[in-house]
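Please open the structure in your viewer and display it as a cartoon. The tour below proceeds from the overall fold to the interior and then to the surface.

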Amino acid sequence: MLLGLTLLGTCGLAQAGNLETSGDVLHLLLPAAALGTTLVYEDGHEGTWQFSKAAVSSRLVVEGLKYAIDKQRPDASGDDSFPSGHAADSFMAASFIQQRYGWQYGLPAYIGAAYVGYTRVASDQHYLEDVLAGAAIGTLAGWYFTQPYKGINLTPIAGNGTYGLYVSGRF
């Protein structure tokens with residue numbers, strides 16, 4: 001519910017013609033929705049702790065790479081283009097939501113995160129490879145630190161000609 005309202009709230013900004021602002025707002029709302037859900041919906045602090053570890057590790061990797069690589073932005077506004085922090089934060093939140101609560105909530109979160117990445121390229125703040133690297137960093141952090149909340153978690157598997165579905169849960 002909170003995620004749906006988050007996504008709807010940014011649609012008005014995008015239609016108003018300010019693409020970059022809509023991406024900036026969604027970049028803040030996705031992690032806020034993920035963290036807020038752990039505080040309101042869950043008993044205990046396990047989800048909050050998992051979210052915090054994913055968020056901090058993702059941001060540390062992003063900032064370390066920005067400092068080390070020193071890549072110029074497409075609009076020449078700075079030398080911190082690689083990787084995209086907006087994409088990393090958004091995809092970390094989306095992967096956290098998917099891993100913790102399932103695909104029914106994760107899919108809209110991933111769509112929102114992809115939109116954030118799109119706005120970063122379309123507004124000339126990043127190159128595509130910057131956004132893809134940020135998305136990979138955020139997604140990996142979310143996957144690594146997040147365990148399913150309750151019930152069963154379904155994860156698609158694909159590789160080396162093998163396709164399937166990994167089912168895990170707490171009983």
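In what order do the elements of the protein run from the N terminus on? Follow the cartoon from that end: the order is α-α-α-α-α-α-β-β, which gives 6 helices and 2 strands. Please keep in mind that this model is predicted.

Next, display the whole chain. Of its 171 residues, 42% count as buried. Among contacts with a separation of 6 or more, 64% join residues that are 24 or more positions apart.

Now turn to the interior and select L30, A34, F91, F96 and I97. Within the largest nonpolar core, which has 20 residues, these five touch the most other members. At least two residues of this core come from each of α2 (19–40), α3 (46–69), α4 (85–101), α5 (103–122) and α6 (128–145). Colour α4 separately, for this helix gives the most to the core, with 8 residues.

Remain in the core and centre the view on F91. Leaving aside residues up to four places away in sequence, F91 touches Y110, A113, A114, A135, G138 and T139.

Finally, switch to a surface display. The protein exposes about 9,100 Å², and carbon and sulfur atoms supply 66% of this area. Select L39, V40 and Y41, which form a nonpolar patch on the surface; together they have about 370 Å² of accessible area. Where does Y41 lie? Y41 is found in the loop between α2 and α3. Y41 counts as exposed because its relative accessibility is 53%, and the cut-off for exposed is over 50%.

Notes
Residues are numbered from 1 along each chain as its sequence is written. This is a predicted model: local features need pLDDT of at least 70, side-chain atom pairs count only at pLDDT 80 or more; totals for chains, interfaces and linings use all residues. Side-chain values use heavy atoms; hydrogens and water are left out. A nonpolar core is a set of buried Ala, Val, Leu, Ile, Met, Phe, Trp, Tyr and Cys residues joined through side-chain atoms within 4.5 Å. Buried means under 20% relative accessible area, exposed over 50%, partly exposed in between (1.4 Å probe, protein chains only). Helices (H or I, at least four residues) and strands (E, at least two) are DSSP runs, numbered from the N terminus. Contact means heavy atoms within 4.5 Å. Accessible areas come from the Shrake-Rupley method with a 1.4 Å probe; for residues, only the protein chains shown count as cover. Patches are made of residues with over 30% relative accessible area and no salt bridge: like charges are joined within 9 Å, nonpolar side chains (Val, Leu, Ile, Met, Phe, Trp, Tyr) within 5 Å. A salt bridge is a side-chain nitrogen of Lys or Arg within 4 Å of a carboxyl oxygen of Asp or Glu.
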